[in-house]
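Me: Could you take a close look at one part of this model for me? I'd like to hear about the charged side chains and who pairs with whom.

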Amino acid sequence: MTDEELRDELLRRMKVDQAMRDPAKGFPGDRRLARLQRLDEGNTAWLYSVVANRGWPRVSQVGARAARGAWLLAQHATSLEAQRLFRALMAEAVESDEASPRDLAYLEDRVRVRSGRPQLYGTQFHDGGDGLEPMPIEEPGLLDERRAAVGLEPFAEYAAFIRKTEGL
């Protein structure tokens, strides 16, 4: 697979992923959840195959949009083991400015939450009964400092945005 073919496939998969998760469609019912699960399983297997053969898709290979598509597929990966691998490979790419530190922060939090650990960047929320609230956060006093270091807005702004979009 050439870099161009990889770029095109990442962009195609990202477009389908986002169309299936369109908030305008409302909360997904059982049939759409089953389709999402199949989509995510297929994307996880495909991305795993890509990284096994080529390594993490880097910005210099596929462009910034397609590299973001690789992150999005990793974010929605169905296998925690695969997601951990994607996180490690993406972290290496971030070290050489070949992936987004912001995107890696989201993936780091997703892996931590799925592993039963507190998140570092406050990107993961759940329904707390009275609306959306953040999953547990490690050392909350350092949260905005960690967020700023990877280019994320202050937590209060992000939380307000998440809660505002909850009803969409």
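**Salt bridges around arginine 21**

Reply: Happy to! Arginine 21 and aspartate 40 meet through their side chains in a salt bridge, at 2.5 Å from N to O. Do keep in mind that this is a predicted model. The pair links distant parts of the chain, 19 residues apart: arginine 21 sits in the loop between helix 1 and helix 2, while aspartate 40 belongs to helix 2. With a relative accessibility of 9%, aspartate 40 counts as buried, because the cut-off for buried is under 20%. Arginine 21, at a relative accessible area of 25%, is partly exposed.

Arginine 21 has another partner as well: a salt bridge joins arginine 21 to aspartate 17, and here the closest N and O atoms are 2.8 Å apart. Aspartate 17 is buried, its relative accessible area being 0%. As background, side chains of opposite charge can pair when their charged atoms come close.

For a neighbouring example along the chain, look at helix 1 (residues 3–20): glutamate 9 and arginine 13 are four residues apart there, so about one helical turn separates them. These two also form a salt bridge, with 2.8 Å between the closest N and O atoms. Both glutamate 9 and arginine 13 are buried.

To put this part in context, the structure holds 11 salt bridges. Elsewhere, Arg87, Glu108, Arg112 and Glu138 are joined into one network by salt bridges that share partners.

Technical notes:
Residues numbered from 1 in each chain as written. Predicted model: local features only at pLDDT ≥ 70, side-chain atom pairs only at ≥ 80, totals over all residues. Heavy atoms only, no water. Salt bridge = Lys/Arg side-chain N within 4 Å of Asp/Glu carboxyl O. Helix = DSSP H or I, 4+ residues; strand = E, 2+ residues; numbered from the N terminus. Buried < 20%, exposed > 50% of the residue type's maximum accessible area, 1.4 Å probe, protein only.
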